[in-house]
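The following exercises are to be worked through with the sequence and the model at hand. Each task is followed by a solution in steps.

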Amino acid sequence: MLERLHTLDRATLTALAQRLGRERGLFERVFNVLQEGLLVVDAEGAIAYANSAAQRLLGFKSGDVGGTTLWRLAPGLRPLLGPALDAATSLTREVELSYPEPRAVRLYLVPFSAGLGAEAEWAGATEARRFAVVLTDITRDKLDADQRIESERVASIVLLAAGVAHELGNPLNSLTIHLQVVERKLRKLRGVDAKDAQALGDSLRICQEEVARLDGIIANFLQAIRPRPLDLADTRLAEVLAEVLAFQERELADRGVRVEVESPGGLPVVLADKDQVKQVFFNLIKNAAEAMPPGGRLRIEASADEEHVALAFADNGGGIKPEDLARLFEPYHTTKPGGNGLGMMVVQRIMRAHGGQIAVESEPGRGTTVTLQFPLKQRRVKLLAGG
Ligand SMILES: Nc1ncnc2c1ncn2[C@@H]1O[C@H](COP(=O)(O)OP(=O)(O)O)[C@@H](O)[C@H]1O
Ligand SMILES: [Mg+2]
């Protein structure tokens, strides 16, 4: 067609131009409904075209791509692709965009005119060096993968620790038995040397108490970390919360902590393991109480939307420093003298098992809000069915 261009009359040319215009319009509409971003760039990285998804992803205002280069959008790309793109380059990379919002994007770049054959030759060498860039937003996939790796890492540590803790049970049993033997012998000695027997008796009691304490620590630990299968049932979270608060009433009163619960009536039920959810609430309330001076206030607010029931635990305690916030869910991370650093890890494990989410906001000196999100029953059933 192109080589015959000079032989065509004016009417044919007009018709041809109109047809091309219509086709171009059609392609543009197709490009603009794509989920993927689509760019056309030249060998210098200058952007000639961006579809709607690309404009959204890259923050172009009203389709204005004039003068922008690929390098400006993703500075990390320049050393990889630039300064001038090789005409045969085709590649895929994951890049982090910081503007207009932080996103992880998979970028797939292919030479554009390759395969156009005669037409590319006709258009000349510069035309041949154009590239189509497909941008796929993978922020979500990446987050999911990070979460999976993190939970697998924690799971393996937990399994190892559980094994060690379990093994400690045998020597502790043996110690308990032998201490009982010593105790009996000591009773007979009392008549012989009352003073020595008294001193030995005191030491013995300390040993027995310490062994009991170790036993308790291990039992607690095993109970806390052993991933138990969920025993799911229809659950009213507001009722579970009330039970936990009743159980902790004494400790909260001793610490002078005031608790306010705001829970609208008729919250939807969720599918949950009541005992495990109790553990979650217990850990969060305990942490909040420990973070507040006497006179502190813990506000617990429940709410629901079409997909979730949410519970926000807001305290006005000391807050969490940013560097500690990053380690909040790590096993054994604690800032308390007597802490074990397992509470938040257990909270996270149980929430994940429920298909829920946990968000933490904190400002040092002002307080911390931990928000739990439980998927609604219908939604969870769908998730389980793989739909
Ligand atoms: N509501 C809160 N306010 C302030 N700090 C908190 C709060 N919840 C958790 N933390 C911090 O997170 C750490 C880990 O908590 P956790 O896993 O429950 O272990 P522990 O309570 O035994 O220290 C705590 O030591 C504390 O520094
Ligand atoms: Mg705790």
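The exercises below concern a predicted model, and they treat strand pairing, salt bridges, burial and contacts in turn.

**Exercise 1. Determine how strand β10 pairs with strands β9 and β12, and whether the residues of β10 are mostly covered or uncovered.**

Step 1. Locate the strands. Strand β9 spans residues 297–304, β10 spans residues 308–315, and β12 spans residues 367–375.

Step 2. Examine the pairing with β9. The two strands run antiparallel and are joined by seven bridges. Within this pairing, Glu-301 has Ala-312 of β10 as its bridge partner. Three residues separate β9 from β10, and the two strands form a hairpin.

Step 3. Examine the pairing with β12. Here β10 is again in an antiparallel arrangement, with eight bridges. Ala-314 has Thr-369 of β12 as its bridge partner.

Step 4. Assess the burial. Of the eight residues in β10, seven are buried, and the strand is accordingly described as mostly covered.

**Exercise 2. Trace the salt bridges of Glu-260 and identify the network that includes this residue.**

Step 1. Find the partners. Glu-260 forms a salt bridge with Arg-258, at 3.2 Å from N to O. Arg-299 also forms a salt bridge with Glu-260, and the closest N and O atoms of that pair are 3.2 Å apart.

Step 2. Place the second pair in the chain. Arg-299 belongs to strand β9 and Glu-260 to strand β7 (residues 258–262); the two residues are 39 residues apart, and their pair links distant parts of the chain.

Step 3. Extend the set through shared partners. One network of salt bridges joins Arg-258, Glu-260, Glu-262, Arg-297, Arg-299 and Glu-301.

Step 4. Classify the three residues of Step 1 by accessibility. Glu-260 is partly exposed because its relative accessible area is 23%. Arg-299, with a relative accessible area of 24%, is partly exposed. Arg-258 has 47% relative accessibility and therefore counts as partly exposed.

**Exercise 3. Describe the salt bridge between Glu-251 and Arg-255 and classify both residues by accessibility.**

Step 1. Take the distance. The closest N and O atoms of Glu-251 and Arg-255 are 3.4 Å apart. This separation satisfies the criterion of a side-chain nitrogen within 4 Å of a carboxyl oxygen.

Step 2. Take the accessibilities. Glu-251 has a relative accessibility of 29% and so counts as partly exposed. Arg-255, at 32%, likewise counts as partly exposed.

Step 3. Set the pair in context. The salt bridges of the model number 17.

**Exercise 4. Characterise strand β1, its hairpin with β2, and the setting of Gly-37.**

Step 1. Define the pairing. Strand β1 covers residues 37–42. It pairs with strand β2 (residues 47–50) in the antiparallel sense, over three bridges. Val-41 stands opposite Ile-47 of β2.

Step 2. Inspect the turn. The hairpin of β1 and β2 has four residues between the strands, and Gly-45 in the turn has a positive phi of about 85°.

Step 3. Examine Gly-37, which lies in β1. Its relative accessibility is 2%, so Gly-37 counts as buried.

Step 4. Consider a position remote in sequence. The C-alpha atoms of Gly-37 and Leu-107 are 9.2 Å apart, while the residues are 70 residues apart in sequence.

**Exercise 5. Decide whether Lys-188 and Pro-229 are buried or exposed, and describe the setting of each.**

Step 1. Treat Lys-188. This residue lies in helix α7 (residues 139–189). Its relative accessibility is 70%, and Lys-188 therefore counts as exposed. Together with Arg-184, Lys-185, Arg-187 and Arg-190, Lys-188 forms a positive surface patch.

Step 2. Treat Pro-229. The loop between α8 (194–225) and β6 (233–235) contains this residue. Pro-229 is exposed because its relative accessible area is 69%. Pro-229 and Asp-273 are 44 residues apart in sequence, with their C-alpha atoms 9.1 Å apart in space.

**Exercise 6. List the buried residues of helix α12 and identify the glycine that follows the helix.**

Step 1. Helix α12 comprises residues 343–353. Its buried residues are Met-344, Met-345, Val-346, Val-347, Gln-348, Ile-350 and Met-351.

Step 2. After α12 comes Gly-355, which has a positive phi near 70°.

Definitions and conventions: Residues numbered from 1 in each chain as written. Chains lettered and ligands numbered in written order. Predicted model: local features only at pLDDT ≥ 70, side-chain atom pairs only at ≥ 80, totals over all residues. Heavy atoms only, no water. Patch = residues over 30% accessible without salt bridge, like charges linked within 9 Å, V, L, I, M, F, W, Y side chains within 5 Å. Areas by Shrake-Rupley, 256 points an atom, 1.4 Å probe, with all protein chains shown as cover. Lys, Arg positive; Asp, Glu negative; His and termini not counted. Charge placed at Lys NZ, Arg CZ, Asp CG, Glu CD. Buried < 20%, exposed > 50% of the residue type's maximum accessible area, 1.4 Å probe, protein only. Pairing = 2+ DSSP bridges.
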